[in-house]
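Please open the model in your viewer and keep the selection panel at hand, since each stop below begins with something to select. The tour goes from helix contacts to enclosed and open spaces, and ends in the loops.

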Amino acid sequence: MEIAIQTPLEHTDYSRLLDIWQAADELGFAAGFTFDHFVPLRPSDQPDTRPHRPGEVPEGPQLEGWVTLAALGAATRRLDVGTLVSGVTYRHPILLAKMAVTLDHVTDGRAVLGLGAAWHDSEHVMYGFEFPGVGDRMTMLDETLEAFGLLCTADNPVDYHGRFVSLTGACFDPKPVRAVGVPVLVGGSGQRLRRITARRADWYNGFWAPWEWAEINAGFDTLLKHAGRRPDDLKRTVLVFAELSGDVEACEVLVKRFQSLWGGTADQVRARVLAGSPGEMIDVLESYAAAGVDMAILHIHPEQDTAELRAFAEQVLPAFNS
């Protein structure tokens with residue numbers, strides 16, 4: 001199983017992010033992801049805790065996800081780089097496609113296009129982004145991915161006419177660096193999103209606990225078969241919240257935070273987050289690997305000490321980087 005990182009862009013600065021990403025690049029992590037929001041998120045802000053009320057977001061600095069990602073990608077050498085994930089409502093689909101392929105060239109073929117159907121309604125209200133119903137947002141996601149595939153593979157010009165995406169004699173150059181194109185990652189839950197993923201995506205990301213992945217993966221295998229694809233055509237990735245310090249108090253804060261969000265016992269939360277000793281972290285990651293997860297993406301705050309990231313790389317990564 002590959003191990004990657006995700007760093008939120010809130011309450012931090014670029015120099016701090018650069019330190020974390022260059023360390024991850026050096027230490028053997030597989031990929032790095034930003035997230036794509038315009039304001040910091042509250043502790044309770046997760047896709048499964050809606051509805052939100054406008055104005056209930058914390059103040060503070062928040063860097064833009066794609067510009068930061070391009071800078072970090074240019075400053076690293078190995079990491080695959082992407083957003084986890086961009087809401088399809090935030091940017092015009094063709095602008096997004098052009099950004100993804102440009103990033104692929106900036107990084108010499110390391111870009112990943114991470115997309116979802118968007119969920120943070122407070123952010124949409126605040127900035128005037130349209131926030132259609134979930135059915136329309138899923139259609140937007142489906143059409144954006146279909147059009148992206150055409151633009152990256154078809155000879156110019158390209159015609160495509162959907163409800164939300166329309167191309168008429170569209171030129172699209174350059175194409176992606178790699179012959180296989182820019183991998184598409186879809187993040188989220190819900191049955192329709194999983195059907196779209198099975199048809200259109202190369203990677204999937206979810207928040208599922210280790211004991212939930214068997215059912216999720218079996219469902220994907222069936223959907224992939226119906227789409228004329230193989231199970232190994234879809235990389236399965238999980239976002240795992242992490243506290244790498246080993247500090248007992250900090251680990252307990254992480255556990256209590258997610259116990260309040262997810263419910264269940266403290267032991268159940270500890271079984272799906274990384275907090276504690278290296279051995280405990282290995283046990284949790286091994287449970288994800290045994291459940292059929294191909295990549296664990298560690299959500300770490302940029303204020304995490306790079307020495308702690310190095311200790312993790314020395315004590316935990318060798319169990320998975322064979």
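Select P93, I94, A97, A100 and V101 in α3, and then add T144, F148, L151 and C152 in α5, which are the residues through which these two helices meet; contact here means heavy atoms within 4.5 Å. The residues of this contact divide into eight nonpolar, one polar and no charged, where Ala, Val, Leu, Ile, Met, Phe, Trp, Tyr, Cys and Pro count as nonpolar, Asp, Glu, Lys and Arg as charged, and the others, Gly among them, as polar. This is a predicted model, in which local features need pLDDT of at least 70 and side-chain atom pairs count only at pLDDT 80 or more, while totals for chains, interfaces and linings use all residues. Residues are numbered from 1 along each chain as its sequence is written, and side-chain values use heavy atoms, with hydrogens and water left out.

Now widen the selection to the whole of α3 (residues 93–106) and α5 (residues 134–153), whose axes come within 10 Å and cross at roughly 50 degrees. Helices (H or I, at least four residues) and strands (E, at least two) are DSSP runs numbered from the N terminus, and the axes are lines fitted to C-alpha atoms, for helices over the stretch in contact, with angles running from 0 to 180 degrees between N-to-C directions. α3 and α5 are therefore oblique to each other, given that angles under 35 degrees count as roughly parallel, over 145 as roughly antiparallel, 65 to 115 as roughly perpendicular and the rest as oblique. Their crossing is right-handed, a term used if the near helix is turned clockwise from the far one by less than a right angle, with left-handed used if it is turned anticlockwise.

Next, select α1 (residues 14–27) with α11 (residues 306–315), which pack at an angle of about 15 degrees with their axes 10 Å apart. That angle makes α1 roughly parallel to α11, and α1 passes α11 in a right-handed crossing. On the α1 side, show R16, D19, I20, A23, A24, E26 and L27, and on the α11 side T306, L309, R310 and A313. By class, the residues of the contact of α1 with α11 are six nonpolar, one polar and four charged.

For the third helix pair, select α6 (residues 191–200) and α7 (residues 213–226), where the packing angle is about 55 degrees and the axes are 9 Å apart. The contact is made by Q191, R194, R195, T197 and A198 of α6 and by I216, F220, L223 and L224 of α7, a group with five nonpolar, two polar and two charged residues. Here too, α6 passes α7 in a right-handed crossing.

Which residues line the largest cavity? Select F207, W208, L239, V240, F241, W262, R272 and Y288 to show its lining, to which strand β10 (residues 235–243) gives the most, with three residues. On a 1 Å grid over the protein atoms alone, a cavity is a set of points where a 1.4 Å probe fits but cannot get out, a pocket is an open set with protein on both sides within 12 Å along at least five of seven lines, and lining residues have an atom within 4 Å of a point. About 30 Å³ of space lies in the largest cavity, and a search of the whole structure finds one cavity of 30 Å³ or more. Its lining divides into seven nonpolar, no polar and one charged.

Move on to the second largest pocket, which holds about 340 Å³ of space, the volume being the space filled by probe spheres set on grid points that are joined across faces, edges and corners. The pocket is lined by 17 residues, of which G149, V180, V182, V184 and D202 lie nearest its centre. The largest share of the lining, six residues, comes from α5, and the lining as a whole has nine nonpolar, three polar and five charged residues.

Finally, look at the backbone in three loops. Between β3 (80–83) and β4 (86–87), find V85, where the peptide bond from L84 to V85 is cis, with omega near -15 degrees. P174 is in the loop between β7 (166–170) and β8 (184–187), and the peptide bond from D173 to P174 is also cis, with omega near 0 degrees. The last selection is H11, in the loop between β1 (2–6) and α1, whose phi is near 55 degrees, a positive value in a residue other than glycine.
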